[in-house]
Amino acid sequence: MSEKNREGKRTARERLAEEREKQKAAEKRRRVLIVGASVVCVLGLAAVIGVVAANAGKDDAEASGPVVAPSGANGEDSLAIPVGDAGATSTLTVWEDFRCPACKSFEDAYRSTIHELTEAGKLKVEYHLVTLIDGNMGGSGSRKAANAAACAQNEDKFAAYHDVLFVNQPAETDDAFAGDSKLIDLAKKVEGLDTSAFRTCVEDGTHTSWVAKSNEAFQKGGFSGTPSVFLNGTNIYADRSMTPAKLKQMVEAKAKG
């Protein structure tokens, strides 16, 4: 074999060896990236779990007193606040958080239709109060507003105060409802609600443990979020074709039999 051929084969072997080294280095970098990304994901998940656990602990700490249901509450464990004629043929079950922007959007769109149907005796509504945003964003506005709404129920003013809270809902990141003075000030928008009994109920957090129990029922219920809205047991909030007009049509059809 000539010297020239031997030199050509040696050069080819060197190039092949260099290519193999490059591939090994690239594979090593890939493994490092995968491991690094996995660590970040695990740490991120741990952080989320920690935040949720911390917020849950805060709610539990604030809800250590006796469970006192508001006047007229019904359903399982007396966790529903009813609005409308008990004999109505259709029932709308609503799980809501007073700090929840999507809940406000639902209320703004459907409020007049729901009022029309309840006042006509064709629909009854069962409201369940949730503190989801407190857990997600921190703060206590969801819980404090829910307690205040339960206090309004004692004065037979729940429906009106419920509407006032959503109409005056602060930005999701603004925990304005955590202030008793804010909730009491809003009560002045409902005729006859700003009483000493209501004020004491709000300031003492009379229904705080009841609110916590309602939120616990929500967590155990497997709901996807707030609002969760059911007409006669059927999830209508998940129905993209649902409109106030369609809701009215369904309720009136049920009333006619």
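How many of the 7 residues of strand S3 are buried? In this predicted model, S3 is mostly covered, with 6 of its 7 residues buried. The description below begins with the sheet to which S3 belongs and then turns to the helices.

The sheet is open and consists of 5 strands in the order S1-S3-S2-S4-S5, with mixed pairing. Strand S1 (81-83) and strand S5 (234-235) occupy the edges, where each has a single partner strand, so one side of each is left without a neighbour in the sheet. Helix H9 (residues 244-256) packs on this sheet and touches S2, S3 and S4, its direction making about 35° with that of S4. As a general matter, the strands of a sheet pair through backbone hydrogen bonds, and the pairing may be either parallel or antiparallel. Both senses occur here: S2 and strand S3 (residues 123-129) run parallel and are joined by 7 bridges, whereas S2 and strand S4 (residues 228-231) run antiparallel and are joined by 4 bridges. S1 and S3 also pair in the antiparallel sense, over 3 bridges.

Individual bridge partners specify how these strands are aligned. Between S2 and S3, Ser90 is partnered by Leu123, and Thr91 stands opposite Lys124. On the S4 side, the bridge partner of Trp95 is Ser228, while Pro82 has Glu126 in S3 as its bridge partner.

Strand S2 (residues 90-96) is mostly covered, 7 of its 7 residues being buried. This burial extends to both faces of the strand, with Ser90, Leu92, Val94 and Glu96 on one side and Thr91, Thr93 and Trp95 on the other. Ser90, which is found in strand S2, has a relative accessibility of 1% and therefore counts as buried, the cut-off being under 20%. Apart from its neighbours within four places in sequence, Ser90 is in contact with Lys122, Leu123, Lys124, Leu231, Asn232, Val251 and Lys254.

The parallel strands S2 and S3, together with helix H2 (residues 101-119), make a right-handed β-α-β unit. H2 lies across S1, S2, S3 and S4, and runs at about 150° to S3.

In helix H7 (residues 196-204), the buried residues include Phe198, Cys201 and Val202. These three cover an arc of only 95° around the axis, which puts them on the same side of H7. Ser196 and Asp204, by contrast, are exposed on the other side of the helix. The buried residues of H7 pack against helix H4 (141-154), helix H5 (158-167) and helix H6 (180-187). Just after H7, Gly205 takes a positive phi of about 60°.

Phe198 has contacts with Ala148, Cys151, Ala152, Glu155, Tyr161, Leu183, Ile184, Ala187 and Leu193, when its neighbours within four places in sequence are left aside. Phe198 is also prominent in the largest nonpolar core, which holds 47 residues and in which Leu92, Ile114, Tyr161, Leu165 and Phe198 touch the most other members. Helix H4 gives the most to this core, with 7 residues. In soluble globular proteins generally, nonpolar side chains tend to be buried together.

A further buried aromatic residue, Phe158, lies in helix H5; with a relative accessibility of 1%, Phe158 counts as buried. The residues touched by Phe158, not counting those up to four places away in sequence, are Ile81, Val83, Tyr127, Leu129, Ala149, Ala152 and Gln153. Phe158 and Ala148 are 10 residues apart in sequence, and their C-alpha atoms are 9.2 Å apart in space.

Note on methods
Residues are numbered from 1 along each chain as its sequence is written. This is a predicted model: local features need pLDDT of at least 70, side-chain atom pairs count only at pLDDT 80 or more; totals for chains, interfaces and linings use all residues. Side-chain values use heavy atoms; hydrogens and water are left out. Buried means under 20% relative accessible area, exposed over 50%, partly exposed in between (1.4 Å probe, protein chains only). Helices (H or I, at least four residues) and strands (E, at least two) are DSSP runs, numbered from the N terminus. The arc is that of the directions from the helix axis to the C-beta atoms. Contact means heavy atoms within 4.5 Å. Two strands pair if DSSP finds at least two bridges between them. A crossover is right-handed if, with the strands pointing away from the viewer, the path from the first strand over the helix to the second runs clockwise. A nonpolar core is a set of buried Ala, Val, Leu, Ile, Met, Phe, Trp, Tyr and Cys residues joined through side-chain atoms within 4.5 Å. Axes are lines fitted to C-alpha atoms, for helices over the stretch in contact, and angles run from 0 to 180 degrees between N-to-C directions.
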